[in-house]
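Hi,

Here is the structure I promised to pass along. Have a look when you get a minute, and my notes follow underneath.

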Amino acid sequence: MGSQTDLDQGGTFRQIDRVWMGPSVGWQQIMQAAVLDVTAAGTYTIARGTTLIKLSANGNITLNLPSSRASLAGPQAIPGQFVLAPVTIVDIGGFASANTYRVVPFGAETISGLAAVDLASDRGSLILEPLLDTGGWNLIQ
């Protein structure tokens with residue numbers, strides 16, 4: 001897997017849109033699509049702004065999510081902190097039932113009150129909605 005931060009060499013596709021967030025915040029850049037292909041077993045730390053994770057490895061995978069909490073200093077302190085899209089995790093390889101695909105939230109945050117969530121069905125998916133004000137994630141699907 002290439003680096004998620006080195007866009008020239010990483011192979012991680014990112015598409016950015018500008019969105020009007022009102023007169024107090026103004027224009028913000030948000031990730032429309034930030035795709036991460038996971039093709040080898042291992043532990044991966046997911047970058048903030050990643051929106052789609054495609055799993056196709058025949059082996060155990062642990063995905064460490066970034067903090068979903070926005071800056072406490074307010075929407076202008078760190079631009080883009082109050083715009084975070086849901087994260088979709090998909091088993092496109094069909095190996096989930098034979099392996100452990102585990103999703104772990106950042107620090108003390110939770111995923112719908114759970115310390116970790118496993119993707120266990122072949123070709124299944126998880127959709128995680130970030131909780132910007134309190135931190136953590138809601139499991140939508």
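A question to start with: leaving out residues up to four places away in sequence, which residues does S67 touch? The answer is R48, F106 and E109. Bear in mind that this is a predicted model. S67 sits in the loop that runs between β5 and β6, and its side chain also comes to 3.3 Å from the backbone nitrogen of R69.

Now the overall picture. The protein chain has 10 strands and zero helices, so if you like reading topology strings, this one is just β repeated from the N terminus on. Of its 141 residues, 40% count as buried. The accessible surface is about 7400 Å², and carbon and sulfur atoms account for 54% of that. As for contacts between residues at least 6 apart in sequence, 50% of them link residues at least 24 apart.

Then there's the inside. The largest nonpolar core is made of 21 residues, and I53, L55, I61, L63, I89 and V103 have the most contacts within it. Several strands feed into this core with at least two residues each: β2 (27-38), β4 (52-55), β5 (61-64), β6 (87-91), β7 (101-104), β8 (117-119) and β9 (125-130).

I'd click on I89 next. Setting aside neighbours within four places in sequence, I89 is in contact with I53, L55, L63 and V103, and its list also takes in L119, G124, S125, L126 and L128.

Cheers

Key:
Residues numbered from 1 in each chain as written. Predicted model: local features only at pLDDT ≥ 70, side-chain atom pairs only at ≥ 80, totals over all residues. Heavy atoms only, no water. Core = buried A, V, L, I, M, F, W, Y, C linked by side-chain atoms within 4.5 Å. Buried < 20%, exposed > 50% of the residue type's maximum accessible area, 1.4 Å probe, protein only. Helix = DSSP H or I, 4+ residues; strand = E, 2+ residues; numbered from the N terminus. Contact = heavy atoms within 4.5 Å. Areas by Shrake-Rupley, 256 points an atom, 1.4 Å probe, with all protein chains shown as cover. Polar contact = N/O pair within 3.5 Å; in protein donor to acceptor, adjacent residues only side chain to side chain.
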